[in-house]
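The following account leads the reader through one protein model, taking its sheets, its helices and its ligand site in turn. Please keep the sequence and the three-dimensional view at hand while reading.

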Amino acid sequence: MRAPMGLHLAYVSRADDPAVRAAEVLGIASFDPPAAVGASNGIPMAQIHTPVLPRAAPVYEVWSAGSPAASGQRGRVHFRRTDEVLFGCIAIAEAEVDPAPGATALQAATAAAYAELCATLETEDYPHLLRVWNYLPDINRDSNGTERYRQFNAARQHALQAHGRALTGSVPAASALGAESASPLVVYFLAGRTAPHFIENPRQVSAYHYPPEYGTHSPVFSRAALLKQPGSTTLFISGTASIVGHRSLHVGDTVAQTRETVSNIKALLAEANRRAGQRAFELSSLAYKVYVRRPADLPVIERTLAQELGPAQLLYLQADICRQDLLVEIEATGIQSLAKAA
Ligand code: 3EB
């Protein structure tokens with residue numbers, strides 16, 4: 001039986017899970033792997049150093065396509081692609097870069113990662129960046145007088161600008177999280193040949209318009225991206241937190257932050273369903289990654305999300321979040337397959 005066209009996402013506990021059809025796998029992100037996994041059979045493997053909660057076996061986020069995929073490499077970017085979409089990943093250790101005067105090692109690593117990412121999109125001809133995941137060690141730590149997340153934002157924006165890419169509007173959905181100290185900067189991404197619809201949240205100021213109190217350079221991401229392909233529609237919801245307007249709400253209150261985050265996701269779903277057609281996506285049918293700053297908050301977040309989301313697929317990870325006052329951040333993916341609906 002052939003898989004339906006379009007993208008597929010599975011969270012599995014083994015990279016060789018039988019549900020994963022090797023020929024159609026685009027790429028894998030592994031969370032908290034016990035040992036080096038590396039690229040296997042030419043399948044790009046983004047190794048992310050964020051512990052899975054509760055501390056247990058590693059989890060593999062497996063992206064695949066409804067058609068056979070081909071592997072490639074450009075510089076440090078490992079990628080795999082079909083005629084429609086490309087999955088890529090790159091890891092750069094700060095110890096391996098040589099920053100220009102005035103730049104930090106994280107800025108140099110970010111600049112290199114984004115330069116190689118953009119070059120891959122150009123040479124392989126996948127002009128539309130759909131979704132980007134960024135994991136940087138010690139995201140909230142200050143160095144050279146600036147928080148590392150803000151350093152990352154400056155370097156990301158400069159690199160995208162240097163490659164002639166949009167800084168507002170047509171910018172990908174994204175997540176940016178902390179990772180364990182001394183791990184490399186890891187970026188993985190999906191790009192396509194068809195333009196997606198980019199979606200903003202009417203309850204929030206667009207991140208690319210955040211005022212300067214959050215950093216000299218705004219983060220470059222859309223709140224969500226909606227990709228329509230023959231036979232399926234994919235909704236990528238960016239990392240979403242307890243932010244209304246541009247302010248963090250419910251400082252110190254994990255339950256209230258979790259609920260506010262779900263309200264933001266509901267607002268994005270309403271926008272997406274308006275674009276995709278009546279009720280294409282429901283809260284309970286998305287796959288979620290929940291980033292928890294303090295592992296001790298896990299039970300209360302789990303209870304709150306069980307009430308709010310129903311029988312949704314949830315993966316919990318321990319990670320620092322890009323604002324010190326945020327305790328939880330949630331990203332989500334929805335895939336509506338017409339074959340399944342029929
Ligand atoms: C926020 O809404 C929370 O810098 O790429 C969420 C998703 C956040 C992506 C990024 C940051 C990013 O501002 C933080």
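The model shown here is predicted. The account begins with one of its sheets and the hairpin at the edge of that sheet.

Six strands make up an open sheet of mixed pairing, arranged in the order β6-β7-β8-β13-β9-β12. The edge positions are taken by β6 and β12 (173-179); each has a single partner strand, so one side of each is left without a neighbour in the sheet. Between neighbouring strands of this sheet the average turn is 15°, direction ignored.

The β6 edge may be followed residue by residue. Strand β6 (residues 70-74) pairs with strand β7 (residues 77-81) in the antiparallel sense, over five bridges. Within this pairing, Gly-72 has Phe-79 of β7 as its bridge partner, and Arg-74 stands opposite Val-77 in β7. The hairpin has two residues between the strands, and Gly-75 adopts a positive phi there, near 60°.

Two helices accompany this sheet. Helix α1 (residues 105-124) packs on the sheet and touches β6, β7, β8 (85-92), β9 (128-137) and β13 (185-192). The direction of α1 makes about 20° with that of β13. Helix α2 (residues 148-162) lies across β9, β12 and β13, and runs at about 150° to β9. In the loop between β9 and β10 (142-143) lies Asp-138, a residue that has a positive phi of about 50° although it is not a glycine.

A further sheet can be described in the same manner. Seven strands form this open sheet, in the order β4-β20-β19-β21-β16-β15-β14, and the pairing is again mixed. Here β4 (52-53) and β14 (197-199) stand at the edges with a single partner strand each, so one side of each is left without a neighbour in the sheet.

Reading from the β4 edge, β4 and β20 pair in the antiparallel sense over two bridges. Val-52 has Leu-317 in β20 as its bridge partner. Strands β19 and β20, by contrast, pair in the parallel sense over six bridges, and in β20 the partner of Lys-289 is Leu-315. Further along the order, strand β16 (residues 232-240) and strand β21 (residues 328-337) are joined in the antiparallel sense by seven bridges. Ile-237 is matched there with Ala-332 in β21.

Helix α3 (residues 254-276) packs on this sheet, where it touches β14, β15 (224-229), β16, β19 (287-292) and β21. The direction of α3 makes about 150° with that of β16. Helix α4 (residues 298-309) lies across β4, β19, β20 (313-318) and β21, and runs at about 155° to β20.

Helix α3 merits a closer reading. The 23 residues of α3 reach 32 Å from the first C-alpha to the last, close to the 33 Å expected at 1.5 Å a residue. At the N-terminal end, Asp-253 caps α3, with a side-chain oxygen 3.3 Å from the backbone nitrogen of Val-255. At the other end, α3 is followed by Gly-277, whose phi is positive, near 110°. The loop between β18 (247-248) and α3 contains His-250; this residue has a positive phi of about 60° although it is not a glycine.

One peptide bond also deserves attention. The bond from Leu-53 to Pro-54 is cis, with omega near -15°. Pro-54 is found in the loop between β4 and β5 (59-65).

The ligand site remains to be considered. Which residues are closest to the ligand? Of the 13 residues that surround the ligand, the closest are Tyr-149, Arg-156, Tyr-210, Arg-223 and Cys-322. Several of these side chains approach oxygen atoms of the ligand. For Tyr-149, a polar side-chain atom lies 2.5 Å from a ligand oxygen atom. For Tyr-210, the corresponding distance from a polar side-chain atom to an oxygen atom of the ligand is 2.6 Å. An N or O atom in the side chain of Arg-223 is 2.9 Å from an oxygen atom of the ligand. How much of the ligand's exposed area does the protein bury? Taken alone, the ligand exposes 360 Å², and the protein buries 99% of that area.

How values were computed
Residues numbered from 1 in each chain as written. Predicted model: local features only at pLDDT ≥ 70, side-chain atom pairs only at ≥ 80, totals over all residues. Heavy atoms only, no water. Pairing = 2+ DSSP bridges. Helix = DSSP H or I, 4+ residues; strand = E, 2+ residues; numbered from the N terminus. Contact = heavy atoms within 4.5 Å. Axes fitted to C-alpha atoms, helices over the stretch in contact; angles between N-to-C directions. Near = heavy atom within 4 Å. Polar contact = N/O pair within 3.5 Å; in protein donor to acceptor, adjacent residues only side chain to side chain. Areas by Shrake-Rupley, 256 points an atom, 1.4 Å probe, with all protein chains shown as cover. Expected span 1.5 Å × (residues − 1).
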